[in-house]
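Here is a walk through one model, from a single helix out to the whole chain. Have the structure open while you read.

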Amino acid sequence: MMAQYLALKAQAGDCLLFYRMGDFFELFFEDAKIAARVLDIALTSRGEHDGAPIPMCGVPVHSAESYLARLIRAGNRVAIAEQVESPEEARKRAGSKALVARDIVRFVTAGTLTEEALLEPRRANVLAALCEVRGMVGIAACDISTGRMELEECPADFAGAALARLGASEVVMADGLAELWPEAIVRPAPGFDSNRGDARLRELHGVATLDGFGMFSRAMLAAAGGLIDYLDHVGRGRLPLLLPPVLRASGSHMAMDEATRSSLEILVSSGGGRKGSLVEAIDRCVTGAGARLLADDLSAPLTDIGAIRQRLELVSWLHDDPLLRGDVRAILRAAPDIGRALGRVVAGRGSPRDLGQLRDGLSEAARLRDLLFARSDRPALAEALLPALGGHGALTDLYARALVPAPPTERAQGGFIAEGYDAGLDELRRASGNSRRAIAALEAKYRDETGIPALKIRHNGVLGYFIEVPAGRADKLMQPDSGFTHRQTMAGAVRFNALALHEEASRIAESGGHSLAAEEAHFEDLIARAVAVREAIAATAAALARIDVAASQAERAAEGGWSLPRVVDEPLLDVIGGRHPVVEAALAGKGERFVANDCALVPDNRLWLVGGPNMGGKSTFLRQNALIVLLAQAGGFVPAQSATVGLVDRLFSRVGAADNLARGRSTFMVEMVETAAILAQASERSFVILDEVGRGTSTYDGLALAWAVAEAVHEVNRCRCLFATHYHELARLAESCAALSLHHVRAREWKGDLVLLHELAEGPADKSYGLAVARLAGVPQPVIRRAKAVLDKLEKGRAATGGLAAGLDDLPLFAAAIEAAEEKVDALRERLNGLDIDALSPREALDLLYQLKAQANG
């Protein structure tokens, strides 16, 4: 047995091996130690290997899913080794002592889960594959629980942002790309072949060319090949549901890097969970599929103004009609998650319950179609979704006739095919029922004949049906002419068989076996019917999810008094009474009111410099406007009295930072890396929020960097930007930067206490109130007094010398400074190009070197 285990473990590689032994999955050696620690179960031992006891632990097969879930969440991968023949087949193959053959039937990994118990209902489970071809990184991503597959490509520098958007549970990569994602599973490069990927996709979807799905690049097809190769490996040759690939075109969605997603807490809060995130604050979806689609919308807001307006039109339609919205949500609430049920069915892991979910979900979709079809004022997107909600009448009728109202999750015991669907099956069930009544009649007959009232007919999995009597009354049945045959003697009872009982038991077994076989045949047929129309069912699931998202957005807007944004193709942002959805919800929970603020960025006033004290609301103001832009382009209402949002191609947020010790980066280094990305990538159509640039280094360095960054954003990137700072000296930029204006969050000191008003006002901040904030935080009074004395001294020195910003008025503008530097370099270059090096004597060369150095130094 151990030799068989070790051979399978060699195939499993770095996966934990679940080795089936009867009713348990057993783990041995290091696998057992890991599992025992993660699952908190007993670690025992069995026999010896190389002179040492073999560590061992196990989990029951019937509850294995819950243990698998814990192991996967802990970052493990699991290989399932099942018995692939029965003990009887093993004995026929190799004699009475033959070992039952086992094989790995499946690998269970974070990105390849389909079981309902292992998946989060409101979170997509994405598997991504990456491959680099000619400088471009192809990305293939799929959620095999629903079959959706997307292909895209990007430069290598942007691959990290794409992975951050996908939020993949598992990433596989070809050799040579591991630095992009250190936790990735590295797969052999031959699997990432574009020709092979193209061929596999065409074979999967039965087409001669992929042109009908989109124009996929070689990098995309290579990534798709790697993805399918990996799925083939973990499924041991059986692929899950994979729908036709969708092309994610470059520029079709608002770009956000990982730092931006993290600082805006879109899907995950700073605490690491869903609570406190944007999606948690706005999600009112009544289905898991809707919640997953909403998260996808927020992760990838649109840049197609027509598509955005279509989504907004549908949300507005449902917002303005509360009765219709209530009816829609009631129907959706009753609809099962047919996308994931279909995924399990196609993957070969479907159950009768999954078929029941398809039946019920498709029926609810038809009800929703009838409800919407009755309305004559349907918006364009609702009109486009209507066809996908119907067309399944024959399948739902079949399932309604074939299945019981509440099918079981297991099919081994039968009982899921409805009475009246198959006359032959009904007859077998009646025969089985009659036989059981006959068993009861036999029991009464044997009691009368033997005069033993305690005689019972029992059943177990080893003996089948048998007669049991107390040990003290068994002598009569032991007689040769009694008609009973001795089977087993127990401590307090003796068991017998009889010819009539044997014949009846045979009839029960035969009819029961035939009954189960008939149900199994019907199950396979019903599965095949669903698989044949899998793409149409998937389209229905997608339509239900889109309507759920729209109804959820409408519900949230009605609940919070949000407004319909106007999205335009102009570089502006005009928000009246904007609020932060997460902060507002948190304050409402404490009975407090959020202070709304306006924001008006236009081409000739596109950069706002925002000052004021800590805790005054600067960061909240910056973030709320970024989230308003994101929500508008995701196709939802926004938390504001009104909002006009000019289309944004890239959204950047540099708000706060932390050490990245794993990559050897300090807080300041992280800040500079993020700032560098903004300066390199932001365009005139981008929106940037910058908070406290330069605070992680010395005062002079920080001010210099903040000054230069603000000038660069104004002169070079020319994007809409909110720039929060404590450097009062930056206010002088308003004199040289025409499109920059000064603003501050208001605060007042009253009788020694700081009152934060959280209101935005025009003009520079009068002071930072740092000591007052320190007092609020509980810094001891002696420290506050000493700090005040130091501050008075510093301010007197600044007044006398002109302060940190002394002489900055004489600086040329950013562009002019760059040109001056370039001119100096060009002058040196021209002089060097005109030299005849071979004609110079050593003395002349040395003198020339001194001259060039002097010229370089100005």
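Start with helix α7, residues 218–234: at 1.5 Å a residue, its 17 residues should span 24 Å, and the end C-alpha atoms sit 25 Å apart, which agrees. Bear in mind that this is a predicted model. Is α7 enclosed or open to the outside? It is largely enclosed by the rest of the structure, because 14 of its 17 residues are buried. Just past the end of α7, R236 takes a positive phi of about 55°.

That brings up backbone angles. Most residues other than glycine have a negative phi. Here are some residues in this model with a positive one:

| Residue | Phi | Place |
|---|---|---|
| F29 | near 55° | helix α2 (residues 29–39) |
| D50 | about 55° | turn between β3 and β4 |
| R236 | about 55° | just after α7 |
| E692 | about 60° | loop between β23 and α24 (699–717) |

Two of these can be set side by side for accessibility. With a cut-off of under 20% relative accessible area for buried, E692 counts as buried because its value is 8%. F29 has 22%, so it is partly exposed.

D50 belongs to a hairpin made by β3 and β4, with two residues between the strands. Strands β3 (residues 44–49) and β4 (residues 52–60) run antiparallel and are joined by five bridges. Within that pairing, R46 has I54 of β4 as its bridge partner.

Now for the sheet near E692's loop, so to speak: the loop follows β23, and β23 is part of an open sheet of six strands in the order β22-β23-β24-β20-β25-β26, with mixed pairing. β22 (651–655) and β26 (753–762) are the edge strands, each pairing on one side only. On average, neighbouring strands here are turned by 15° against each other, direction ignored.

Inside the sheet, β23 (residues 687–691) runs parallel to β24 (residues 720–724), and five bridges hold the pair together. F687 stands opposite R720 of β24.

What lies across this sheet? Helix α22 (residues 618–634) does, spanning β20 (607–611), β22, β23, β24, β25 (740–750) and β26, and it runs at about 160° to β23. Helix α23 (residues 667–681) also packs on the sheet, where it touches β22 and β23, and its direction makes about 155° with that of β22.

F687 turns up again in the nonpolar packing. The largest nonpolar core has 104 residues, and L298, L358 and F687 are those with the most contacts inside it. Helix α20 (residues 534–560) gives this core its largest share, twelve residues. Leaving out residues up to four places away in sequence, F687 touches a set of partners including L573, L601, N625, A626, V629, V648, F652 and C721. A second, separate core has 41 residues, among them I104, A174, F192 and L201.

Finally, zoom out. The protein chain comes to 28 helices and 26 strands, and buried residues make up 48% of its 858 residues. Among contacts with a separation of 6 or more, 67% involve residues 24 or more positions apart. How does the radius of gyration sit against a compact globule of 858 residues, and what is each value? The globule would be near 29 Å, but the chain has 36 Å. Along the principal axes, the C-alpha atoms fill a box of roughly 130 × 75 × 70 Å.

Note on methods:
Residues numbered from 1 in each chain as written. Predicted model: local features only at pLDDT ≥ 70, side-chain atom pairs only at ≥ 80, totals over all residues. Heavy atoms only, no water. Pairing = 2+ DSSP bridges. Helix = DSSP H or I, 4+ residues; strand = E, 2+ residues; numbered from the N terminus. Axes fitted to C-alpha atoms, helices over the stretch in contact; angles between N-to-C directions. Contact = heavy atoms within 4.5 Å. Buried < 20%, exposed > 50% of the residue type's maximum accessible area, 1.4 Å probe, protein only. Core = buried A, V, L, I, M, F, W, Y, C linked by side-chain atoms within 4.5 Å. Expected span 1.5 Å × (residues − 1). Rg over C-alpha atoms; globule rule 2.2 N^0.38 Å.
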